[in-house]
Amino acid sequence: MTLTVHQFACLSDNYGFLVRDEASGKTATIDTPDATAVLAELKALGWGLDMILNTHWHPDHAGGNAEVKAATGAVIVAPAEVTKIAPIDREVHGGDIVQLGETSFQVIESGGHTLGHISYFDPADRIAFVGDTLFALGCGRMFEGDPQQFWTSLQRLAALPEDTTVYCAHEYTASNARFALSVDDAPALKKRAEEVFAARERGEWTVPTTIGLEKATNPFLRAPQLAGAVGAAGKPDYEAFAAVRSAKDNFKG
Ligand code: ZN
Ligand code: FE
């Protein structure tokens, strides 16, 4: 199967993603960060819209649902928590399959940033949409979940094939890299950080990334290896993750 992904920047640092199952022509938007931008991108592409796939309830992810649905008739597929801000059409949970034409998305429970956050993984194309759970060299802030839940969610994503293309919902990579360098001196990280800073100087995007690259350089996925650097030596992995998360929250880089 082939899934085409059209990525665009919107709001201050969000990415929007429109996808099309080439076998059927069916399309979806991953979240609705900005209804005006989503509708403008659809128009430029000449695409209709069949589905809205939400990752979590935050307004920069689901805030455009009503307007995009009204304009396109798209069906809203979302975790239950999205009903806090707007109605949905189909509630999904970890382990569910969402079919877009011939493309099957596996729903992966990814709570931690919000309690009900989910990711969407297309195994045939090895493409994952991870919302605000995993970022390039970072992870989302732990607003609602606890370290054990968030760490388990990150491990589910880390278990995907290494060549999985990972679409994160924000361009936070340069500031994530500055923090990562403060807790990790791995050569692979130094090399990547230099590439990230240079890319951002040129105004280029650093998303998408891959699972393999994140496993090698992301300080949150590397929390067990960095436990000593963040004062969590000998602690369980999720506590090392919690220590990295709080070091990032307090980092003044
Ligand atoms: Zn969020
Ligand atoms: Fe967000």
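Buried, as used in these legends, means under 20% relative accessible area. The model shown in the views is predicted.

**View 1. Iron site formed by Asp 60, His 61, Asp 132 and His 170.** The iron ion (ligand 2) is coordinated through OD of Asp 60, NE2 of His 61, OD of Asp 132 and NE2 of His 170, at 2.1 to 2.3 Å. Angles among the four donor atoms run from 85 to 166°, and the site is irregular. A tetrahedral assignment is excluded because it would need all angles to lie between 85 and 135 degrees. Along the chain, the donors of the iron ion (ligand 2) have the spacing D-H-x70-D-x37-H.

**View 2. Iron and zinc ions with the shared residue Asp 132.** The zinc ion (ligand 1) is 3.2 Å from the iron ion (ligand 2). Asp 132 coordinates both ions. Helix α2 (residues 59-62) contains His 61, while Asp 132 is in the loop between β10 (127-131) and β11 (134-135), so the pair ties together parts that are 71 residues apart in sequence. Both His 61 and Asp 132 are buried.

**View 3. Aromatic pair of Phe 17 and Tyr 167.** Twelve aromatic pairs are counted in the model. One of them is formed by Phe 17 and Tyr 167, which meet edge-to-face, with 5.2 Å centre to centre and 65° between the planes. The pair links distant parts of the chain, with Phe 17 in strand β2 (residues 14-21) and Tyr 167 in strand β13 (residues 165-168), 150 residues apart. Phe 17 counts as buried because its relative accessible area is 3%, under the cut-off of 20%. Tyr 167 is also buried, at 11% relative accessibility.

**View 4. Aromatic pair of Phe 179 and Phe 251.** The rings of Phe 179 and Phe 251 are arranged edge-to-face, 5.5 Å centre to centre and with 70° between the planes. Phe 179 belongs to helix α5 (residues 173-183), and Phe 251 to the segment after α9 (237-249); the pair links distant parts of the chain, 72 residues apart. Phe 179 has a relative accessible area of 1% and is therefore buried. Phe 251, at 30% relative accessibility, counts as partly exposed.

**View 5. Aromatic cluster that includes Phe 179 and Phe 251.** Ring pairs join Phe 150, Trp 151, Phe 179, Phe 220, Phe 241 and Phe 251 into a cluster. Among the cluster members, Phe 179 is buried, whereas Phe 251 is partly exposed.

Terms used:
Residues numbered from 1 in each chain as written. Chains lettered and ligands numbered in written order. Predicted model: local features only at pLDDT ≥ 70, side-chain atom pairs only at ≥ 80, totals over all residues. Heavy atoms only, no water. Phe/Tyr/Trp six-rings, centres within 6.5 Å; stacked < 30°, edge-to-face > 60°. Helix = DSSP H or I, 4+ residues; strand = E, 2+ residues; numbered from the N terminus. Buried < 20%, exposed > 50% of the residue type's maximum accessible area, 1.4 Å probe, protein only. Donors = N, O, S within 2.8 Å, 3.2 Å for Na, K, Ca; no water. Tetrahedral: all angles 85-135°; square planar, octahedral: opposite > 155°, others 65-115°.
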